[in-house]
Amino acid sequence: MDVGTLADWVGALGGLLAVSAAYGSWKTSEKVVKLEHKRDRERESAAERRQAEHVTVVGVKCPDAPKGEQFAILVVNGSDAPIYDIRVESQKANKRGDNPPLVLAVLPPGKFVIPTHPEYNWGSVIDQEAAQIKLDIMTKGKAGEMITHVSFVDAASRKWELVRGRELRSAGSDTGEGQ
């Protein structure tokens, strides 16, 4: 029986090592591709969230306002594009009941105060920086939980919500985007 020469054995061993190296290379490249896909998805998600992360809603007190109009909601759109279909659900600062929902069709970039109004529930939208209204931001105790839920649509038509007024979540959309 002929078992081949030393050169045949070295060649066969070299072939097996080449197959093993090719398999290892394939597995490594598969891991790299998965990692790159994950990074791409994270970058896309961060880009989608960028505008929504610049929206803040807090309860405020306007100490210089007339009685019955001292409590307000401050909506800050710190992005460079408007937000749409804003709905703010809140409760009284002492947590003894819900306020009527505040609904706005559009809000440009900026800081806006919407005071309570004894007759119409909510007053006019006031540009806080232009009006220079003195505000006490309510962040402690029961008053810190005045905002209970916020929903809005960003400039790219993605729906967002701020659960408890501070936890940003995608709310999906009619087209299925933004999830």
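## Close-ups of a predicted model

**View 1. W160 and the β10–β11 hairpin.** Start at W160, which sits across from S170 of β11. Everything in these views comes from a predicted model. The two strands here are β10, covering residues 159-163, and β11, covering residues 167-172. They run antiparallel to one another and pair over five bridges. How many residues sit between the strands of this hairpin? There are three, and R164 takes a positive phi near 55 degrees in the hairpin.

**View 2. A52, in the loop ahead of β1.** Stay with W160 for a moment, since A52 touches it, along with F152 and L168, once residues up to four places away in sequence are set aside. A52 belongs to the loop that links α1 (6-49) to β1. Is A52 buried or exposed? Its relative accessible area is just 1%, so A52 counts as buried, the limit being under 20%. There's also a long-range pair to look at: A52 and L162 are 110 residues apart in sequence, yet their C-alpha atoms are 9.3 Å apart in space.

**View 3. The largest nonpolar core, and another one apart from it.** This core has 23 residues. Which of them touch the most other members? That would be V57, I73, V88 and F152. Several strands chip in with at least two residues each: β1 (55-61), β2 (71-77), β3 (83-90), β4 (102-107), β5, β9 (147-153) and β10. Another core, of six residues, lies apart from this one, and V60, C62, A72 and L74 are among its members. Zoom in on V88 and you'll find it touching V57, I73, P101, L102, I147, H149 and V150, leaving out residues up to four places away in sequence.

**View 4. P115 and its surroundings.** P115 is part of strand β5, which spans residues 110-117. With 11% relative accessibility, P115 falls under the 20% limit and therefore counts as buried. Which residues are in contact with P115 once its neighbours within four places in sequence are left aside? The list runs E69, F71, A72, N121, W122, G123, S124 and I126. G59 is another residue to pick out in this view: P115 and G59 are 56 residues apart in sequence, with 9.8 Å between their C-alpha atoms.

**View 5. The largest pocket.** Two of the P115 contacts from the previous view, N121 and W122, turn up again in the lining here. The rest of the lining is made of F71, K92, A93, N94, N99, P100, T116 and M146. How does this lining divide by residue type? It has five nonpolar residues, four polar and one charged. For anyone thinking about probe volumes, this pocket comes to about 170 Å³.

**View 6. Positive phi at N121 and S157.** N121, already met in the pocket lining, isn't a glycine, but its phi is positive at about 70 degrees. The residue lies in strand β6, made up of residues 121-122. Its relative accessible area is 41%, so N121 is partly exposed. S157 also has a positive phi, near 65 degrees, and is likewise a residue other than glycine. Where does S157 lie? It lies in the loop between β9 and β10. At 51% relative accessible area, S157 is over the 50% limit and so counts as exposed.

Note on methods. Residues numbered from 1 in each chain as written. Predicted model: local features only at pLDDT ≥ 70, side-chain atom pairs only at ≥ 80, totals over all residues. Heavy atoms only, no water. Pairing = 2+ DSSP bridges. Helix = DSSP H or I, 4+ residues; strand = E, 2+ residues; numbered from the N terminus. 1 Å grid on protein atoms, 1.4 Å probe; cavity = no way out; pocket = protein on both sides within 12 Å on 5 of 7 lines; lining within 4 Å. Points joined across faces, edges and corners; volume = space filled by probe spheres on them. Nonpolar A, V, L, I, M, F, W, Y, C, P; charged D, E, K, R; others polar. Buried < 20%, exposed > 50% of the residue type's maximum accessible area, 1.4 Å probe, protein only. Contact = heavy atoms within 4.5 Å. Core = buried A, V, L, I, M, F, W, Y, C linked by side-chain atoms within 4.5 Å.
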